[in-house]
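Me: Please take a close look at one helix packing in this model, and then set it beside the other parts of the chain that can be read with some care.

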Amino acid sequence: MPIKASSARQIEMLIADLGSDRAATREAAAARLTLLGARAVERLLLLLDSNASAHARAAALRTIEAIADPRALDRVLDAIDAADATVACAAASAARVFLRGPRGNVAVDRLTRAVLDTARNEEVRIAALGALGDLERSTLAPLLAALEQDPSDAMKAATRLSAAVDPADVVTRAADRGLPQDPEELGAALAQVGGDIALPLLLRVIERVREREASEPAGPRAEWTRVRGRAHVALAARGSRIALYDLRESLETATAPLPVEFLAALSTAGDVSCLEAVAAAYARSTSSQGPSARKDSRGPGDPGNKDWWRDRLADAFKIIVKRERLTRRHGVVKKIEKRWGSALEHLWAGGAGGAGGARP
């Protein structure tokens, strides 16, 4: 792209600063070049191909990594083979930003070859392995398995660190980039660190999982639904109601009992806006049962145990009524009575005493 003379002069000055003996000067120049973005890429690539110092070329690679311009990919990958380990490590790190781009397979292949090359500098191999760390665990697993037999103790130690999954990273990747293949991986991560994850990220996980459920067959869908429930529990435990709409819609559309996590979140964070959905779900669960229907023999929490499901819905209704200090005169309660009168009688019988509510 055409570069104004003033910008060109500024870029040349900053490129010169990348070769400074002072780290602070190099970092300041890299930051300013990053702000210039694509305009600085061609000059950075010229520096990378020059006989400049290793510190200057490594600084150029860090700047290229921050700009992430796809034009730089081939030169970055070539630099992984640089004789100087400082430059090669910086190149391996810079390749990370291209893994999910249109030529991500090329970057993955070059980094993998660097990792497996036992004749290569250990620091470069470890840097290349670190760059591949953004890949899905299932994608990385064969490489990690191969490295268990690596002759380098340092490489084996780095492999063990790479194999150790940070649950916060699992949740963040699920929110920002897409869900893992294994629902249990995400569910376990939510159970471990859900209380520390930013609320908007948890909401994004809920939305992504709900989309995933719609495309899955019954078995996997149930597993993803439980994961979504765990995200709701994490939000509810923080006092957040940003995803109550999803709890309500889940109850309104449920054709079978939802996982217990949904009811736990509902009991913790549900408000008056949830009561109609609770009543609707309760009414649906009783519509096929006559007065002489037998008690459900399946265990508590069993996905098909409607007795358990109704009891938990009644508990949640009771808790919300008590928390919101509602009486039978409240507008929402009157709407429920009008539409689901018999269901309300059962729900209120379980909840009026605990709520302190009085019949009119």
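Reply: The crossing of helix 13 and helix 14 is left-handed. In this predicted model, helix 13 spans residues 199-214 and helix 14 spans residues 218-237, and the two pack at an angle of about 160° with their axes 9 Å apart. Because angles over 145 degrees count as roughly antiparallel, helix 13 is roughly antiparallel to helix 14. On the side of helix 13, the residues that meet the partner helix are Leu 199, Leu 202, Val 205, Ile 206, Val 209, Arg 210, Arg 212 and Glu 213. Helix 14 answers with Arg 221, Trp 224, Thr 225, Val 227, Arg 228, Ala 231, His 232, Ala 234 and Leu 235. Sorted by class, the contact of helix 13 with helix 14 holds ten nonpolar, two polar and five charged residues. Among the charged ones are Arg 210, Arg 212 and Glu 213 from helix 13, with Arg 221 and Arg 228 from helix 14, while Thr 225 and His 232 of helix 14 supply the polar part.

A second pair can be set beside this one. Helix 16 (residues 260-269) packs against helix 18 (residues 306-324) at an angle of about 15°, and their axes lie 8 Å apart. That angle makes helix 16 roughly parallel to helix 18, and the crossing of these two helices is left-handed. From helix 16 the contact draws on Val 260, Leu 263, Leu 266, Ser 267, Thr 268 and Ala 269, and from helix 18 on Trp 308, Trp 309, Arg 312, Leu 313, Ala 316, Ile 319, Ile 320 and Arg 323. The class count for the contact of helix 16 with helix 18 is ten nonpolar, two polar and two charged residues.

The third pair is formed by helix 11 (residues 167-176) and helix 12 (residues 183-193), whose axes come within 8 Å and cross at roughly 120°. Helix 11 passes helix 12 in a left-handed crossing. Here Pro 167, Ala 168, Val 170, Val 171, Arg 173 and Ala 174 of helix 11 are in contact with a set from helix 12 made up of Glu 185, Leu 186, Ala 189, Leu 190, Gln 192 and Val 193. Nine nonpolar residues, one polar residue and two charged residues make up the contact of helix 11 with helix 12.

Some single residues add detail to the picture. Ala 56 lies in helix 4 (residues 54-67) and, at 3% relative accessibility, counts as buried. Its C-alpha atom is separated by 4.4 Å from that of Gly 19, although the two residues are 37 places apart along the chain. Leaving out residues up to four places away in sequence, Ala 56 touches Leu 18, Gly 19 and Leu 47.

Asp 150 is a charged residue in the loop between helix 9 (137-147) and helix 10 (153-163), and at 5% relative accessibility Asp 150 counts as buried. Apart from its neighbours within four places in sequence, Asp 150 is in contact with Thr 118, Arg 125, Met 155 and Lys 156. By contrast, the C-alpha atoms of Asp 150 and Ala 236, which are 86 residues apart along the chain, are separated by 46 Å.

Two loop residues deserve a check of the backbone. Most residues other than glycine have a negative phi. Ala 68, in the loop between helix 4 and helix 5, has a positive phi near 60°, and at 33% relative accessibility Ala 68 counts as partly exposed. Arg 325, in the loop between helix 18 and helix 19 (331-339), likewise has a positive phi, of about 55°, and at 72% relative accessibility Arg 325 counts as exposed.

As for confidence, the mean pLDDT of the protein chain is 88, and 90% of its residues reach 70 or more. Confidence is highest in helix 5 (residues 73-79), at 97, and lowest in helix 20 (residues 341-355), at a mean of 70. The pLDDT is below 50 over residues 290-301, a stretch that has twelve contacts in the model beyond near neighbours in sequence. Over residues 351-360 the pLDDT is also below 50, and that stretch has 13 such contacts. Where pLDDT is low, the predicted coordinates should not be read in detail.

How values were computed. Residues are numbered from 1 along each chain as its sequence is written. This is a predicted model: local features need pLDDT of at least 70, side-chain atom pairs count only at pLDDT 80 or more; totals for chains, interfaces and linings use all residues. Side-chain values use heavy atoms; hydrogens and water are left out. Helices (H or I, at least four residues) and strands (E, at least two) are DSSP runs, numbered from the N terminus. Buried means under 20% relative accessible area, exposed over 50%, partly exposed in between (1.4 Å probe, protein chains only). Contact means heavy atoms within 4.5 Å. Axes are lines fitted to C-alpha atoms, for helices over the stretch in contact, and angles run from 0 to 180 degrees between N-to-C directions. Angles under 35 degrees count as roughly parallel, over 145 as roughly antiparallel, 65 to 115 as roughly perpendicular and the rest as oblique. A crossing is left-handed if the near helix is turned anticlockwise from the far one by less than a right angle, and right-handed if clockwise. pLDDT is the predictor's confidence in each residue, from 0 to 100.
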